[in-house]
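Ready for a little geometry practice? Please have a look at the model below, then work through the exercises at your own pace.

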Amino acid sequence: MTKSPSENSPLVRAESNLEAYPLFAVKARNRKENHLVFERPIQGEDGTTLLQRWEVEPPAKLGMPGPFDQDVYLAVLQLLEMRGGMPRDGELHFSLYELSNILGWTKSGNTYEKIRQSLRRISSTTLTSENAYYSKAEERFLSDTFQVWSVHFSRTKQGNSVRERHTLRFHKIFIRNYLAQYLKGLDPEFYWALPSPLAKRLYRLVDLERDGSLAWKADLFNLRQQIPLTGYSYVSELKRALDPAHRELIRRSFLNGVEYQGKSGILYRISQEFARRQKA
């Protein structure tokens, strides 16, 4: 039996820019990449063309954020939602137990260390926006360099017990967009039910880009950058890489169908049932 989005499942609010732009490699082998770039032109109000550029630079020692880190990021957002949303000071106090519980992983020292490393990897990854990151509060695209959050780990021993009080501090531009409601709702129950990192990423991206409609059309080579899927040079290779995730999203009633158009076009059709539940 497959899971579909639940009408009673509260949505997790995700910052919209980080749903649109690449941050996490969806293939473990791509974690060795030392630089990701996504570029696209957009039409300005005065008819001019603006080039948006988004760069991801991971820490050399920890590597590019990957499939595991995408899940940890979602778990942090879900914990933030459980706490009532973004605090004004942008600080989230948490325990590794809480995150492992959301992730559904076995509670062990090894699991906690993997989560610790993931949080550090994300905090050490530098994001550079050139007219790409949209600030809703300022109503403009920013050119800036930042990290999503910083993380501080603290453990104190009281007798025979150890008390954790770890802290994530979100970057100020992330906080501003969250408080300005530049957010996208994600169904956590549906996300955690997806078996592959690529299906999870496609769900996040397509559901954002469709912007409330029942279809989204893209170019395969632009999509390759936006996911990102590195190492695929030909349309046939991209189709083979995407098809298992497409089948999974159709089977789980997110997509109604996928059509390849022309040389490199792709059209995603969203399930009306999914759209209705998401709206509700």
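Three exercises with worked solutions follow, all on this predicted model.

**Exercise 1.** Work out whether the end-to-end length of helix 2 agrees with its number of residues.

*Solution.* Start from the count: helix 2 has 16 residues, and at 1.5 Å a residue they should span 22 Å. Next, take the end C-alpha atoms, which are 23 Å apart, in agreement with the expected span. As for surroundings, 13 of the 16 residues are buried, so helix 2 is largely enclosed by the rest of the structure. Just past the helix, look for Gly84, which follows helix 2 and has a positive phi near 100 degrees.

**Exercise 2.** Describe how helix 2 (residues 67-82) and helix 3 (residues 96-103) are arranged.

*Solution.* First, the axes come within 9 Å and cross at roughly 110 degrees. Angles from 65 to 115 degrees count as roughly perpendicular, so that is the relation of helix 2 to helix 3. Then list the contact: helix 2 contributes Asp71, Val72, Ala75, Val76, Gln78, Leu79 and Met82, while helix 3 contributes Glu98, Leu99, Ile102 and Leu103. Sorted by class, this contact has 8 nonpolar, 1 polar and 2 charged residues.

**Exercise 3.** Find the strand order of the open sheet and identify its edge strands.

*Solution.* The 4 strands run in the order 2-3-5-6, with antiparallel pairing. Strand 2 (36-43) and strand 6 (140-146) each pair on one side only, which marks them as the edges. From one strand to the next, the twist averages 20 degrees. Finally, zoom in on strand 5 (residues 126-135), which pairs with strand 6 over 6 bridges in the antiparallel sense; Tyr133 stands opposite Leu142 in strand 6.

Note on methods
Residues numbered from 1 in each chain as written. Predicted model: local features only at pLDDT ≥ 70, side-chain atom pairs only at ≥ 80, totals over all residues. Heavy atoms only, no water. Axes fitted to C-alpha atoms, helices over the stretch in contact; angles between N-to-C directions. Helix = DSSP H or I, 4+ residues; strand = E, 2+ residues; numbered from the N terminus. Parallel < 35°, antiparallel > 145°, perpendicular 65-115°, else oblique. Contact = heavy atoms within 4.5 Å. Nonpolar A, V, L, I, M, F, W, Y, C, P; charged D, E, K, R; others polar. Pairing = 2+ DSSP bridges. Expected span 1.5 Å × (residues − 1). Buried < 20%, exposed > 50% of the residue type's maximum accessible area, 1.4 Å probe, protein only.
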